[in-house]
Amino acid sequence: MPRQYIHTAIDFPNAAPHMGHVMEKVLADVMARWFRLRGDEVRLHVGADENGIKIQQTAEALGMTPQELVDRNSPLFEELFRRLNISFDYFIRTSDPKRHWPTVVALWNRLKEGGFLEKRTYAGLYCTGCERFVTEKDLVDGLCPDHRQRPEVVKEENWFFLLSRKQDAMKKLLHPKTGTYTMVPSWRGNEVLSFLEGGLADVSFSRSKETLYWGVPVPNEPDQVMYVWCDNLTSYLSSLGFFTDHEMREWWDDAEITDVIGKDIARFHAINWPAMLQCAGVKTPERLLIHGFITSDGQKMSKTLGNVVVPSDVLDLYGVDPLRFYLSHEIPVGNDGDFSWKRFGELYDAKLRNQLGNLLNRVMVLLKKEEIPLAHTKHALRHEAALRWEDFQKAMNAFEFHLAIQAAFDLSQSGNVYIDVHKLWAKKGQEKAEELSALAELLRHISLMLLPFMPETAQKISKQLNVPYIHRMLEKNFVITDAMKEWGSQKEWKRVGEPEILFAPIEK
RNA sequence: CGCGGGGUGGAGCAGCCCGGUAGCUCGCGAGGCUCAUAACCUCGAGGUCGGAGGUUCAAAUCCUCCCCCCGCAACCA
């Protein structure tokens, strides 16, 4: 049985979670659920990136300690992900000195022993007002915008990771044809590849404690703290307890590894991370799934524009599955996407209510009115179902999730057309029983396809239909077997349950 | 300057890799149905597929150049 280790980027908890965080987790979860449903063994990890200067500063501005800040914010992420039914197995926090730090320290030592770390002088612009290093980009007319003073050039001793040595190895690893680390979608990978052509520079791996105190201490160097990319990326190992006595090594060494991350950090995950792993003698991941960014009504979400969409507002109004549906259906993997309340409402009505919900309801009511028992036959619709299963699986395995969910909705469209064309409400006796049973069977297939995307909805549909495996559907070891995909395979399925409105109209 | 993405009927998007009746959702018009969450179904109006060249029997789809929008541009998560 294939083993899959999927992890998302870990989130930066200096503020509350936003829609971009949600999209990434839903994407990873759809993937994880699909792998489980096809029979793979899966672990999904998420987490919070709690160290760094920004956390330090945000905390200071709020008059609290960094620990207090992350203890307040990280649970917001974890709670939101639970509410979204993200089926994660572990939530790693990088301020956790027991779980995270030992792995990071061990990795550091390996890199150092391998000769991949080197102490150098780092020269940077330092603003005494901010008490931190600033970049050219932060400056306005060469001055710090906050303190209106010219930053001074300050030099300090830092550790550097000799990434430049790994240029050829990374080219080989990421080669679209012969490399073992695949970037999905491939056009996102092109950006990384062209960057790689430009040559790699060594990267700063530590800062002086005066600059950065909130982070993992460098072993045996009390005045140095690890810099973000050393500590952050390693969370993917520490969440498995790597290099400790409780490591779950099989989930790395004997697993297919997928990183689910955003386009902004693709480079670090495609290059820095595997380079670090190779230097430390650890296997590199198999797949990098790169998603785009999400806008709000076509514009970048920003507080000044006042167009920030708070995920919990959407959940409060529409519930979990409509949001999962929107993100999966509207935004092809890799593309930038847009969140629009208008579009959301339209889609909710057109697809979820009118197409899917209404189909279920009309079939259920027709069956229930006369208490018609199910009579499974080889029906004309079974070809349609078989074709859509092919589309569905092909799309799912290629991570073209928006096409897969479309296959499920194509089936419900076919169901609605069939009822109309054949005027099923006017049929009588055995014929009516057989025709309506076919529609129920169609809905059973639809519900299975929806399982990775809208688990609760899939279960609700199946519950109304009263399919035999209903109680196992949401369990992690539930597998969609070939038999389940076969038309009329559920011989012991004789009666449907009670009709219920699947998606109610929403008052706006 | 460079790199990546985008420019398709009123709106939002898919199709482009593997050329061959331009598709989807919403909106609009007409008709049908009445089992259903005023839901469903059918038909229709509406596009010189950013511009100009080129390849081809044939280009939204391949090649070249140009214009416009967005992001990145190296340590910033």
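Colleague: How much space lies in the second largest pocket?

Modeller: In this predicted model, about 220 Å³ of space lies there. Of the 15 residues lining this pocket, the closest to its centre are Arg 33, Arg 36, Met 473, Leu 474 and Glu 475.

Colleague: What makes up the lining of the second largest pocket by class, in nonpolar, polar and charged residues?

Modeller: Eight are nonpolar, two polar and five charged. Arg and Glu count as charged while Met and Leu count as nonpolar, so Arg 33, Arg 36 and Glu 475 belong to the charged class and Met 473 and Leu 474 to the nonpolar one.

Colleague: Which helix gives the largest share of that lining?

Modeller: That is α1, with three residues. Both α1 and α17 (455-465) supply at least two. Domain 1 (3-292) and domain 2 (347-472) each provide at least three residues.

Colleague: Now the closed spaces. Why is the largest cavity called a cavity, and how much space lies in it?

Modeller: The name is used because a 1.4 Å probe fits inside but cannot get out. About 130 Å³ of space lies in the largest cavity. Among its 13 lining residues, the closest to the centre are Leu 27, Leu 327, Ser 328, Ile 331 and Val 333. Here α1 (19-37) and α12 (320-330) each give two or more residues, and α1 gives the most, with four.

Colleague: How many charged residues line the largest cavity?

Modeller: None: the lining has nine nonpolar and four polar residues. The second largest cavity, of about 40 Å³, has two charged residues in its lining. Glu counts as charged, so Glu 434 and Glu 441 are those two.

Terms used: Residues are numbered from 1 along each chain as its sequence is written. Chains are lettered from A and ligands numbered from 1 in the order in which they are written. This is a predicted model: local features need pLDDT of at least 70, side-chain atom pairs count only at pLDDT 80 or more; totals for chains, interfaces and linings use all residues. Side-chain values use heavy atoms; hydrogens and water are left out. On a 1 Å grid over the protein atoms alone, a cavity is a set of points where a 1.4 Å probe fits but cannot get out, and a pocket is an open set with protein on both sides within 12 Å along at least five of seven lines; lining residues have an atom within 4 Å of a point. Grid points are joined across faces, edges and corners, and a volume is the space filled by probe spheres set on the points. Domain bounds come from an automatic or database domain assignment.
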